[in-house]
Amino acid sequence: MGWQPSRFLVDRGEAERAFQLAEQLGSVNAAAAELGTSWPSLRKAFTRHGLGIPARNPEAVRQRAIAAARQRTGQPATPSLDPVFVALNPGALPARERSPAELYAWVRREEEYATLGANVVVELHSESHARRPTTRAWAIIRRAERAHRNPSDRQGRGERRQADRATRSDRTSRSHQPEEQGMVADAR
């Protein structure tokens with residue numbers, strides 16, 4: 001018998017109904033699943049009948065995701081919010097409750113940033129949480145190399161800063177000289 005075109009490809013009315021469903025659901029994939037066809041088939045039908053591409057509907061996608069999660073777990077995916085809160089705070093998402101372990105980790109991380117500083121925390125994290133052992137080894141070797149290099153850097157740091165300041169002040173004074181000379185010439 002061979003290949004048969006889909007009913008959406010042949011019938012414009014069916015294609016328009018599928019297009020409206022895709023816009024309502026916010027996704028061609030969702031419409032295809034509900035209609036028992038594939039998304040390429042729907043896209044081809046939309047193109048053939050000049051319907052274009054359905055507009056995305058993020059709210060419908062979010063609602064479907066919540067419904068799917070509710071179906072999997074048997075519980076609401078998110079707790080219900082007070083309608084007054086929702087009306088007064090459009091777009092605000094409430095923070096989810098944290099377990100004691102998550103709260104401890106959060107407080108510990110804040111303490112590390114406060115006592116060690118961001119650079120040290122990042123370096124320590126790259127050493128202890130690297131995905132590959134070679135990356136972890138590289139971070140540890142790099143720390144050791146910097147430890148040997150830094151004492152000599154610290155000794156000459158003051159002299160380098162003085163030299164930098166001197167070159168900056170030279171550049172600044174040279175950039176103001178032509179203006180001053182021009183004003184003196186104008187005054188004559």
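Which element gives the largest share of the lining of the second largest pocket? We will come to that pocket after a walk along the chain. Keep in mind that this is a predicted model.

Let's start with the overall layout. The chain has nine helices and zero strands, so if you trace the elements from the N terminus you read α-α-α-α-α-α-α-α-α. Of the 188 residues in the chain, 16% are buried. Among the contacts with a separation of 6 or more, 48% are between residues 24 or more positions apart.

A good place to zoom in is the one aromatic pair that the structure holds. Its partners are Phe-19 and Phe-46, arranged edge-to-face, with 5.2 Å from centre to centre and 85° between the planes. Phe-19 belongs to helix α2 (residues 12–25) and Phe-46 to helix α4 (residues 39–48), so the pair ties together parts that are 27 residues apart in sequence. Are these two rings' residues buried or exposed? Phe-19 has a relative accessible area of 13%, so this residue counts as buried. Phe-46 is buried as well, with a relative accessible area of 1%.

From Phe-46 you can step across to Val-28, since Phe-46 is among the residues that Val-28 touches. Val-28 sits in helix α3 and is buried, with a relative accessible area of 14%. Leaving out residues up to four places away in sequence, Val-28 also touches Ala-22, Trp-39, Leu-42, Arg-43 and Pro-54. For Pro-54, the C-alpha atom lies 7.4 Å from that of Val-28, although 26 residues separate the two along the chain.

Next to Val-28 in the numbering is Ser-27, which is found in the loop between α2 and α3 (28–35). This loop residue is buried, with a relative accessible area of 14%. What does the side chain of Ser-27 reach? The backbone nitrogen of Ala-30, at 3.2 Å. Beyond its neighbours within four places in sequence, Ser-27 is in contact with Ala-22 and Arg-64.

Arg-64 brings us to helix α5, which covers residues 58–73. Its 16 residues should span 22 Å at 1.5 Å a residue, and the end C-alpha atoms are 23 Å apart, which agrees. Within α5, Ala-60, Ile-66 and Ala-69 are buried. Which element do the buried residues of α5 pack against? They pack against α2, the helix that also holds Phe-19 of the aromatic pair.

Now for the pocket we opened with. The second largest pocket has a volume of about 230 Å³. Two elements give two or more residues to its lining, namely α7 (100–116) and α8 (118–128). The answer to the opening question is α7, which supplies six residues, the largest share of the lining. If you would like to find the pocket in the structure, look for lining residues including Ala-105, Arg-108, Arg-109, Glu-112, Tyr-113 and Leu-116. Val-121, Leu-124, His-125 and Ser-128 are also among the lining residues, as is His-129.

Helix α7 itself passes the length check too: its 17 residues should span 24 Å at 1.5 Å a residue, and its end C-alpha atoms are 24 Å apart, which agrees. Just after α7 comes Gly-117, where phi is positive at about 95°.

Methods. Residues numbered from 1 in each chain as written. Predicted model: local features only at pLDDT ≥ 70, side-chain atom pairs only at ≥ 80, totals over all residues. Heavy atoms only, no water. Phe/Tyr/Trp six-rings, centres within 6.5 Å; stacked < 30°, edge-to-face > 60°. Helix = DSSP H or I, 4+ residues; strand = E, 2+ residues; numbered from the N terminus. Buried < 20%, exposed > 50% of the residue type's maximum accessible area, 1.4 Å probe, protein only. Expected span 1.5 Å × (residues − 1). Contact = heavy atoms within 4.5 Å. Polar contact = N/O pair within 3.5 Å; in protein donor to acceptor, adjacent residues only side chain to side chain. 1 Å grid on protein atoms, 1.4 Å probe; cavity = no way out; pocket = protein on both sides within 12 Å on 5 of 7 lines; lining within 4 Å. Points joined across faces, edges and corners; volume = space filled by probe spheres on them.
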